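Thank you all for coming. Today I would like to walk you slowly through a few charged side chains and the places where they sit.

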Amino acid sequence: MVSERVALVTGSTSGIGLAIAHKFAQLNYSVALNSFEPADSVAGLVAELNALGSGEVIYFQADLADAAASRALTEEVIGHFGRLDVLVNNAGVQKVAPIEKFEDGDWHRIVAVSLDSAFHSIRTALPGMADRGWGRIINIASAHGLRASPFKSAYVATKHAVVGLTKTVALEAAEKGITVNAICPGYVWTPLVARQVADQARVHGLSEEEVIRQVILAPQPTKQFVQPEEIAEMAAYLCSDWARSITGSTISIDGGWTAK
Ligand code: NAD
């Protein structure tokens with residue numbers, strides 16, 4: 001059954017995107033899940049989310065590093081459900097390396113997955129939201145959309161650009177009942193962070209335990225990882241009517257990182 005609200009969450013088979021999809025399914029939204037993984041590898045996850053509420057949860061395989069697949073995804077979701085009310089641009093990848101060793105392919109993949117895909121999906125989703133006079137666009141940026149760290153040139157540049165895209169589209173959509181915001185998490189314990197511990201250990205010449213203490217949690221004054229569910233609760237709030245005047249904002253959930 002297609003429920004009252006339809007949401008697309010990109011990169012939603014893991015980490016923050018999965019927590020947001022889980023929350024939306026609990027709220028009886030119909031949810032389009034996405035990743036590059038083959039459908040049979042996420043069949044169990046799709047069944048689990050479908051059991052949470054009355055909406056329909058469907059998986060759309062699309063590698064957002066691929067421009068054609070990225071352009072097609074939002075059209076396919078709208079084609080299936082007939083509309084899209086909530087768009088969460090969450091997919092993101094990381095690479096930790098000094099700029100002089102940063103490879104072209106890594107640079108382009110990071111920009112394509114986080115920034116280009118947000119451009120494609122917003123451009124496709126916006127007209128229908130405007131016609132219905134209601135829409136929510138949430139871009140998962142980062143504390144690195146507001147602050148820099150060494151060895152993350154592509155990620156920091158891309159997340160700053162996502163913040164710029166968020167503000168611009170918020171202004172364009174302001175009179176159409178559509179809000180556009182960026183959530184800027186600090187370090188959230190997800191596979192994306194777990195994977196970079198080894199990379200960070202190599203570039204900083206530290207052990208993995210030292211990396212967690214001295215590098216990863218160093219800028220986060222609470223010295224605690226944010227949990228994915230904290231981001232999901234904020235996403236759900238932004239979709240409520242009480243959040244209709246929050247637009248063009250960067251919402252930090254970073255344990256005080258950007259207070260400095
Ligand atoms: P994660 O690695 O746990 O999940 C990323 C998701 O994106 C997965 O479902 C993965 O399959 C999908 N994905 C990756 N490449 C893709 C591609 N080419 N096409 C389609 N899907 C793809 O990561 P996460 O930590 O949950 O990160 C989610 C978002 O939050 C990212 O944009 C990330 O930059 C941002 N973020 C994370 C943190 C953190 O500390 N974890 C902090 C700030 C911002």
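D199 has a relative accessibility of 18%, and it therefore counts as buried, where buried means under 20% relative accessible area, exposed means over 50%, and partly exposed lies in between, with a 1.4 Å probe and protein chains only. Its side chain meets that of R202 in a salt bridge, at 3.0 Å from N to O, and by a salt bridge I mean a side-chain nitrogen of Lys or Arg within 4 Å of a carboxyl oxygen of Asp or Glu. R202, for its part, is exposed, with a relative accessible area of 57%. Both D199 and R202 lie in helix α6, residues 191–204, and they are 3 residues apart, about one turn of the helix; helices here are DSSP runs of H or I with at least four residues, strands are runs of E with at least two, and they are numbered from the N terminus.

I should say that this is a predicted model, in which local features need pLDDT of at least 70 and side-chain atom pairs count only at pLDDT 80 or more, while totals for chains, interfaces and linings use all residues. Residues are numbered from 1 along each chain as its sequence is written, and side-chain values use heavy atoms, with hydrogens and water left out.

Which residue pairs with D85 from helix α4, residues 104–132? The side chains of D85 and R132 meet in a salt bridge at 3.6 Å, N to O, and this pair links distant parts of the chain, 47 residues apart.
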